[in-house]
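Open the model in your viewer and keep the selection tool ready. This tour moves from one selection to the next.

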Amino acid sequence: GAERAARSLSSIAQDNMDRPLRGTSPIIQRRRALHQVGSEDGDLIPREQNQEERGVPLDRQPDTETLLDTVLLSCLSPQDKRELLGRVRFHFCAAGFNVVEEGEPGASLFIVAEGTCQGVKDGKETLEYPPGSFFGEVSLVQAVEAGKIKTEVNMFATFGEEGEEEEMVGLRTASVRTKTDCAIYEIDATDAARILKPSQEAWGTLQRLATTTSGQSF
């Protein structure tokens, strides 16, 4: 099972390097592969064994300052900052990778720690995202305010346990691809609803940005 998972993820990475602007984003493909790869007896790998590691990696500690300096997180209490930093997922994407794609299910929030990302909607470039910027707020705010995110359930950021709930959280309204190699952190929709929503300043920032950029962001 583990060897098959490794081969599957390696194939996904190569596929996305060969055709970086097409197909499902590598982040989503990776998560789906982790859900779908079976063990030797045909059963799915237990969910607790296929969870991605959370928190800022030890060799990426400078990213902590970048994350905490963002307008979104700087207003949080020390306790909330510690909890959120312990819950983020780290992704490294080579240039030309689609982090999210227009029309795919998702409601998690992404923060760029290193590199630059480019928004794309209807085939046209929109907003650019340098280090310290974030994207995904439109889908997140819509999903949370529609009551689609259950904070008492530790769901995957994008489509829930074993992909069963991917239609529940809504669809991305634009795509984002990496212009350069990028270090990106992802905040689960459930963690955002639980930690960011109670903060009037943080959630207000997300609401304002979601309202003003809903035609360009995602």
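Start with strand E4, residues 117–121, and add strand E5. Four bridges join E4 to E5, and the two strands run antiparallel. For one of these links, pick Cys117: its bridge partner in E5 is Tyr129. Keep in mind that this is a predicted model.

**Widen to the sheet**

Which strands belong to the open sheet, and in what order? Select E2, E7, E4 and E5: these four strands follow the order E2-E7-E4-E5. Their pairing is antiparallel. Now look at the edges. E2 is one edge strand, and E5 (124–129) is the other. Each of them pairs on one side only. Turn the sheet to see its twist, which averages 35 degrees from one strand to the next. As background, strands of a sheet pair through backbone hydrogen bonds, in either a parallel or an antiparallel way.

**Follow the chain out of E2**

Stay with E2, residues 98–100, and step on towards strand E3, residues 109–114. The loop between these two strands holds Gly106. Is Gly106 buried or exposed? Its relative accessibility is 0%, so Gly106 counts as buried; the cut-off for buried is under 20%. Next, select Ala143 along with Gly106. The two are 37 residues apart in sequence. In space, 9.1 Å separates them, C-alpha to C-alpha.

**Move to a pair of helices**

Select helix H5, residues 78–87, and helix H7, residues 189–196. Two packed helices are described by the angle between their axes and by the distance between those axes. Here the axes come within 11 Å and cross at roughly 180 degrees. H5 and H7 are therefore roughly antiparallel to each other, as angles over 145 degrees count that way.

Which residues meet across this pair? Show side chains for Asp80, Glu83, Leu84 and Arg87 in H5. On the H7 side, show Asp191, Arg194, Ile195 and Leu196. By class, this contact of H5 with H7 has five charged residues, three nonpolar and no polar ones.

**Zoom out**

Finally, select the whole protein chain. How many helices and strands does the chain have? The chain comes to eight helices and eight strands. It has 218 residues, and buried ones make up 50% of them. Take the contacts between residues at least 6 apart in sequence: 80% of these join residues at least 24 apart. Switch on the surface to finish. The chain exposes about 10200 Å², and carbon and sulfur atoms supply 48% of that area.

Terms used
Residues are numbered from 1 along each chain as its sequence is written. This is a predicted model: local features need pLDDT of at least 70, side-chain atom pairs count only at pLDDT 80 or more; totals for chains, interfaces and linings use all residues. Side-chain values use heavy atoms; hydrogens and water are left out. Buried means under 20% relative accessible area, exposed over 50%, partly exposed in between (1.4 Å probe, protein chains only). Contact means heavy atoms within 4.5 Å. Accessible areas come from the Shrake-Rupley method with a 1.4 Å probe; for residues, only the protein chains shown count as cover. Axes are lines fitted to C-alpha atoms, for helices over the stretch in contact, and angles run from 0 to 180 degrees between N-to-C directions. Angles under 35 degrees count as roughly parallel, over 145 as roughly antiparallel, 65 to 115 as roughly perpendicular and the rest as oblique. Ala, Val, Leu, Ile, Met, Phe, Trp, Tyr, Cys and Pro count as nonpolar, Asp, Glu, Lys and Arg as charged, and the others, Gly among them, as polar. Two strands pair if DSSP finds at least two bridges between them.
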